Amino acid sequence: MKTLMFILTGLVSWQAHALQVTVTIPPLAAMVKPYLTEEDTLTVLLSPGASPHGFQFRPSHLTALNEADLILTVGSGVDRWAEKPIRQILSDKKSEKNPKGPLLVVMQKQPGLVVLRKRTMTGEPHSASHSHDHEHHQGEGDANEDAMATLKMDGHTWLSVHNAGLMIEAIGDAIATLKPQNVEQVRAQQQANLMALEEANQAIEAQLEPLEKVPYLVLHDAFQYFEKRYHLNNQGAIQVSAEVKPSVKRVLMLRQRIQQDGIRCVFKEPQFSDKQLRYITRGLDVKIGELDPLGRNESHQSYPEFIQGLANQYRACLE
């Protein structure tokens, strides 16, 4: 009898213990935060000001992954740097037959997730409302499981409110699994999170509708999920990729287009140098705005606040 009571006491203690959650990027932190209590711990691997391009793991990052009860990743090129360490940790835990091994939730694998192909940056206009990119839905074949196919996909999937809803729901399911004694509270929070997301979506629709036709440029093409949802008029990107700077020919072409096409705003990003952007816009009648696809400047925000903040950044420059 004493042995049984000891086992039951240990089980209840494990179920009620504070969760340690590790996520790769800040938007995932924004999604999971409303589910967590004051006793829970949240670690974001990508720190404020850092870029996912060229990310380097530190011992503290490995510790956060190794001690986590729940690991959240996007599962795209944005956090591909986390794949190998996570696989190794899961393998080690399995070989140790550790019942407390972390639960891994990969957002890119959620059924119904919409994944867009990367746009080809040729220097020609590519208005989001006239794009010919194809949508792929997870669960419709195995194309997105192929490594080469994944490289062709736009990994900024969290910038779609549709996808964000699926991610928030999946996170709630994971938390409910890890906190079975609090299932009712977790489910109530899950519904509240989804309602808050829809309220933000409706507010953003009304906010950005008057700006749908205003032409603008971005530093690099990271925002097509958001642009397609709200029918924004992105006319191109300055950099083909984060690693490739624009050529002299492209700089001259972009300056000409800003003048001829009435570009209202050129958006920079906080994790990249704006040296090229300011060189291109020097002396031209165009506003400089800022878009942050990772929302790293507001560490305590929820996802609806994050996506609303992005909408505010658009509006501030396009009005």
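The protein chain contains 11 helices and 10 strands, in a model that is predicted. Of its 319 residues, 49% are buried. Contacts in the chain between residues at least 6 apart in sequence join residues at least 24 apart in 66% of cases.

## The sheet of β1 to β4

An open sheet is built from 4 strands in the order β2-β1-β3-β4, and the pairing is parallel. At its edges stand β2 (41–44) and β4 (103–106); each has a single partner strand, so one side of each is left without a neighbour in the sheet. On average, neighbouring strands of this sheet are turned by 15 degrees against each other, direction ignored.

The pairing of β1 with β2 can be followed at the level of residues. Strand β1 covers residues 20–23 and is joined to β2 by 4 bridges, the two running parallel. Thr-22 has Thr-43 in β2 as its bridge partner, and Val-23 is placed opposite Val-44 in β2. In a regular strand, side chains alternate between the two faces of the sheet. The connection between the two strands involves helix α2 (residues 26–32): β1, α2 and β2 make a β-α-β unit that is right-handed.

Helix α3 (residues 59–66) also belongs to this part of the chain's description. Its residues His-61, Ala-64 and Leu-65 are buried. Viewed down the axis of α3, the buried residues fall within an arc of 100 degrees, so they line one face of the helix. The elements that cover them include β1, β2, β3 (70–73) and α4 (83–95).

Ser-60 is in helix α3 as well. Ser-60 has a relative accessible area of 48% and is partly exposed. Its C-alpha is 9.0 Å from that of Leu-45, the two residues being 15 apart in sequence.

## The sheet of β7 to β10

A further open sheet has 4 strands in the order β8-β7-β9-β10, with parallel pairing. Its edge strands are β8 and β10 (287–290), each of which pairs on one side only. Neighbouring strands here are turned by 30 degrees against each other on average, direction ignored.

Strand β7 (residues 215–220) and strand β9 (residues 265–268) run parallel and are joined by 3 bridges. Tyr-216 has Cys-265 as its bridge partner in β9. Helix α11 (residues 303–318) packs on the sheet and touches β7, β9 and β10, with a direction at about 145 degrees to that of β9. Helix α9 (residues 248–260) lies across β7, β8 and β9 and runs at about 155 degrees to β8.

## Individual residues

The table lists relative accessibility for four residues discussed in this report.

| Residue | Relative accessibility | Class |
|---|---|---|
| Thr-157 | 0% | buried |
| Gln-239 | 1% | buried |
| His-231 | 42% | partly exposed |
| Ser-60 | 48% | partly exposed |

Thr-157 is located in the loop between α5 (147–151) and α6 (161–178). With a relative accessibility of 0%, Thr-157 counts as buried because the cut-off for that class is under 20%. The side chains of Thr-157 and Gln-108 are joined by a polar contact of 3.3 Å. Apart from neighbours within four places in sequence, Thr-157 is in contact with Val-74, Gln-108, Leu-113, Val-114, Val-115, Asn-163, Met-167 and Tyr-225. Gln-108 thus appears both as a contact of Thr-157 and as its partner in the polar contact between side chains.

Gln-239 is placed in strand β8, which is an edge strand of its sheet. Gln-239 is nevertheless buried, at 1% relative accessibility. Residues up to four places away in sequence being left out, Gln-239 touches Leu-219, His-220, Val-244, Lys-245 and Pro-246.

His-231 sits in the loop between α8 (224–230) and β8 (233–239). Its phi is near 55 degrees, a positive value in a residue other than glycine. His-231 is partly exposed at 42% relative accessibility, a value between the cut-offs of 20% and 50%.

Notes: Residues numbered from 1 in each chain as written. Predicted model: local features only at pLDDT ≥ 70, side-chain atom pairs only at ≥ 80, totals over all residues. Heavy atoms only, no water. Pairing = 2+ DSSP bridges. Axes fitted to C-alpha atoms, helices over the stretch in contact; angles between N-to-C directions. Right-handed = clockwise from strand over helix to strand, strands pointing away. Buried < 20%, exposed > 50% of the residue type's maximum accessible area, 1.4 Å probe, protein only. Arc of directions from axis to C-beta. Contact = heavy atoms within 4.5 Å. Polar contact = N/O pair within 3.5 Å; in protein donor to acceptor, adjacent residues only side chain to side chain.
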